[in-house]
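Please read this briefing alongside the sequence and the coordinates. It takes up overall architecture, surface, core contacts and charged pairs in turn.

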Amino acid sequence: MEAVRQIVDSNSLSGIIPLPVSFRGKKVEVVVSLTEDEMELPPLSEVDIDAMLKGSITESLIGILSRSDKTLADYRAERLSRYECAD
């Protein structure tokens, strides 16, 4: 069976996975694997997603790129032209 394993700070899982109090502030191992159960997951509302992201690293990235017609290549070209000479 294939699985993905990663060591993360337990605080980054706050609001995503309920953890015992004794895990707070410690490194934990997260293992993700497929299940045989093909049960459908309940749909998530925007409120649910916001609650899961609150205080996460992902939340800090939201809004960095404004929603526009620019592609990532456009943003890259803009940044390179602006900062390629910075020392």
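The points that follow describe a predicted model, and they are grouped by topic. The protein contains 3 helices and 2 strands, and their order along the sequence reads β-β-α-α-α.

**Overall architecture and surface**

- Of the 87 residues that make up the protein, 7% count as buried, while the surface that the protein exposes comes to about 8,300 Å², with carbon and sulfur atoms supplying 58% of that area.
- Among the contacts in the protein with a separation of 6 or more, 38% are accounted for by residues that stand 24 or more positions apart.

**The loop between β1 and β2, and its nonpolar patch**

- Strand β1 spans 3-9 and strand β2 spans 27-33, and the loop between them holds L19; S10 likewise lies in the loop between β1 and β2.
- On the surface, a nonpolar patch is formed by I16, I17, L19 and F23, which together present about 310 Å² of accessible area.
- L19, a member of this patch, counts as partly exposed because its relative accessibility is 30%, a value that falls between the limits of under 20% for buried and over 50% for exposed.

**S10 as a buried loop residue**

- S10 has a relative accessible area of 4% and is therefore classed as buried, given that the limit for this class is under 20%.
- Leaving aside residues up to four places away in sequence, S10 touches L19, F23, R24, G25, K26 and V28, and two of these residues, L19 and F23, also belong to the nonpolar surface patch.
- A polar atom of the S10 side chain lies 3.1 Å from the backbone nitrogen of G25.

**V28 in strand β2**

- V28 is found in strand β2, and with a relative accessibility of 12% it counts as buried.
- When residues up to four places away in sequence are not counted, V28 touches Q6, I7, V8, S10, L13 and F23, so that the contact between S10 and V28 appears in the contact lists of both residues, as contact means heavy atoms within 4.5 Å.
- The C-alpha atoms of V28 and N11 are separated by 9.5 Å, and these two residues are 17 residues apart along the chain.

**Salt bridges**

- The count of salt bridges comes to 2.
- One of them joins the side chains of R5 and E29, with an N to O distance of 2.5 Å; this pair links distant parts of the chain, as R5 lies in strand β1 and E29 in strand β2, 24 residues apart.
- The partners in this bridge fall into separate accessibility classes, since R5 counts as exposed at 60% relative accessibility, whereas E29 counts as partly exposed at 41%.
- The side chains of E78 and R79 also meet in a salt bridge, for which the N to O distance is 3.8 Å, and this pair is counted because the limit for a salt bridge is within 4 Å.
- E78 is partly exposed, with a relative accessible area of 22%, and R79 is also partly exposed, with a relative accessible area of 38%.

**Helix α1 and its position relative to the loop**

- Helix α1 comprises residues 46-53 and includes A51, which is partly exposed because its relative accessible area is 48%, where exposed would require over 50%.
- The C-alpha atoms of A51 and S14 are separated by 9.8 Å, although the two residues are 37 residues apart along the chain.

Definitions and conventions:
Residues are numbered from 1 along each chain as its sequence is written. This is a predicted model: local features need pLDDT of at least 70, side-chain atom pairs count only at pLDDT 80 or more; totals for chains, interfaces and linings use all residues. Side-chain values use heavy atoms; hydrogens and water are left out. Patches are made of residues with over 30% relative accessible area and no salt bridge: like charges are joined within 9 Å, nonpolar side chains (Val, Leu, Ile, Met, Phe, Trp, Tyr) within 5 Å. Accessible areas come from the Shrake-Rupley method with a 1.4 Å probe; for residues, only the protein chains shown count as cover. Helices (H or I, at least four residues) and strands (E, at least two) are DSSP runs, numbered from the N terminus. Buried means under 20% relative accessible area, exposed over 50%, partly exposed in between (1.4 Å probe, protein chains only). A polar contact is a pair of N or O atoms within 3.5 Å; within protein, one must be able to donate a hydrogen and the other to accept it, and residues adjacent in sequence count only if both atoms are side-chain atoms.
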